[in-house]
Amino acid sequence: MNWIWSNADYIWDKTLVHLALSVPPVVLAFVISLPIGWLANRYRVSRGILTVAGLFYAIPSLPLFVALPALVGTSLRSPVNIVIGLTLYGVALMVRSVADALGAVEVDVRQSATAVGYSSWQRFWRVEFPLAGPVMLAGLRVVVVSTVSLATVGGVLGVNGLGLLFIDGFQRDIPEEILAGIVITIVMALVLDGLLVLLGRALMPWSRPGRPRRASSRRSSTRSSETDASSPRSPRREAVRS
């Protein structure tokens, strides 16, 4: 613990850099996956995109980060390689979530929106996208946790971030440094996941759990009161009879 307190500024700097490496790929993966997932859901021919995305995620992260500099023309230790690689992994995960979410929207709902007069563009943004939001959010939460953990691999290449705490801790035999990297990585993933949950509840109040139960409980209470009122043993009828 003494090492952690004496190197708090060093750890804080690595945490901020790691956060900067993790958040942009998540946002980019979500934006890129929307049109690709829509195409995969809309046209049967393009369903092969989901298979290709699943196979792409099977590529090990370290070889990909090493190969990207030769493809994009950056240096081996450039953070751009990590952002691009994590974005590709995020798209590989998110495309299927978007396609499944849009495919889960009922056909009757789409036909009703078309009958009301919505165009294809309006139907997507006002009907399909909001209804598919909870499923997309579940997929995005997986992307966040995966991105935060995979970003630590950049430490092997010397990219600044929490991954350097692991490498430096092993090389210098400092267990506190390794433990700090592990704990902060887990906490960062949990915090970002919790923020996504709160954001989803704020933007999609219809997806909050418990509302159908409240409605059903109200209906049951209403029905029970009506049954009691119509029952032959009801106090009202006894008073009338007397």
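**Figure 1. T74, a partly exposed loop residue in this predicted model.** T74 comes out at 26% relative accessibility, so it falls in the partly exposed class. Its place is the loop between α4 (61–72) and α5. Setting aside residues up to four places away in sequence, T74 touches P69, V80 and N81.

**Figure 2. The whole chain, a run of helices.** The protein has 11 helices and 0 strands, so there's no sheet to look for, given that strands would need E runs of at least two residues. Read from the N terminus, the elements go α-α-α-α-α-α-α-α-α-α-α. Of the 242 residues in the protein, 37% are buried. Take the contacts between residues at least 6 apart in sequence: 68% of them join residues at least 24 apart. The accessible surface adds up to about 14,500 Å², and carbon and sulfur atoms account for 64% of that.

**Figure 3. Helix α5 and its bend at M94.** Helix α5 covers residues 79–103, which makes 25 residues. At 1.5 Å a residue it should span 36 Å, and its end C-alpha atoms are indeed 36 Å apart, so the two values agree. There's still a bend to look at: α5 turns by about 30 degrees at M94.

**Figure 4. D173, a non-glycine residue with a positive phi.** Here we're in the loop between α8 and α9, where D173 sits. Its phi is about 55 degrees, and D173 is not a glycine. That's worth a close-up because most residues other than glycine have a negative phi. Is D173 buried or exposed? With a relative accessible area of 63%, D173 is exposed.

**Figure 5. Helix α9 and the residues it buries.** Just past that loop, helix α9 takes up residues 175–203. Its 29 residues reach 42 Å from first C-alpha to last, close to the 42 Å expected at 1.5 Å a residue. The buried set in α9 is E177, I178, A180, G181, T185, M188, A189, L192, D193, L196 and G200. Which helices do the buried residues of α9 pack against? They pack against α1 (2–6), α2 (8–42), α7 (120–150) and α8 (163–172). As a reminder for reading the spacing, an α-helix has 3.6 residues a turn, so residues three or four places apart point the same way.

**Figure 6. A nonpolar surface patch that includes L179.** The patch covers about 820 Å². Its members are L179, I182, V183, I186, V187, L190, V191, L195 and L198. L179 belongs to helix α9, and at 47% relative accessibility it counts as partly exposed.

**Figure 7. T15 and its contacts.** T15 is part of helix α2. Its relative accessibility is 13%, so T15 counts as buried. Not counting residues up to four places away in sequence, T15 touches L162, I184 and M188. M188 also turns up among the buried residues of α9.

**Figure 8. The R141–D193 salt bridge.** The R141 and D193 side chains meet at 2.7 Å, N to O. This pair ties together distant parts of the chain: R141 is in helix α7 and D193 in helix α9, 52 residues apart. R141 has a relative accessible area of 32%, so it is partly exposed, whereas D193 is buried at 15%.

**Figure 9. R123 in a network of salt bridges.** R123 is in helix α7. Who's linked to whom? R110, R123 and E128 are joined in a network of salt bridges. In the R123–E128 pair, the closest N and O atoms are 3.0 Å apart. R123 counts as buried at 15% relative accessibility, and E128 counts as buried at 5%. Leaving aside neighbours within four places in sequence, R123 is in contact with R110, A113, T114, Y118 and E128.

**Figure 10. K14 and D13, a salt bridge between sequence neighbours.** The structure holds 5 salt bridges, and one of them joins the side chains of K14 and D13 at 3.8 Å, N to O. Buried or partly exposed: what is K14, and what is D13? K14 is buried, with a relative accessible area of 8%, while D13 counts as partly exposed at 37%.

Technical notes
Residues are numbered from 1 along each chain as its sequence is written. This is a predicted model: local features need pLDDT of at least 70, side-chain atom pairs count only at pLDDT 80 or more; totals for chains, interfaces and linings use all residues. Side-chain values use heavy atoms; hydrogens and water are left out. Helices (H or I, at least four residues) and strands (E, at least two) are DSSP runs, numbered from the N terminus. The expected span of a helix is 1.5 Å times one less than its number of residues. Buried means under 20% relative accessible area, exposed over 50%, partly exposed in between (1.4 Å probe, protein chains only). Contact means heavy atoms within 4.5 Å. Patches are made of residues with over 30% relative accessible area and no salt bridge: like charges are joined within 9 Å, nonpolar side chains (Val, Leu, Ile, Met, Phe, Trp, Tyr) within 5 Å. Accessible areas come from the Shrake-Rupley method with a 1.4 Å probe; for residues, only the protein chains shown count as cover. A salt bridge is a side-chain nitrogen of Lys or Arg within 4 Å of a carboxyl oxygen of Asp or Glu. The bend at a residue is the angle between axes fitted to the seven residues ending there and the seven starting there.
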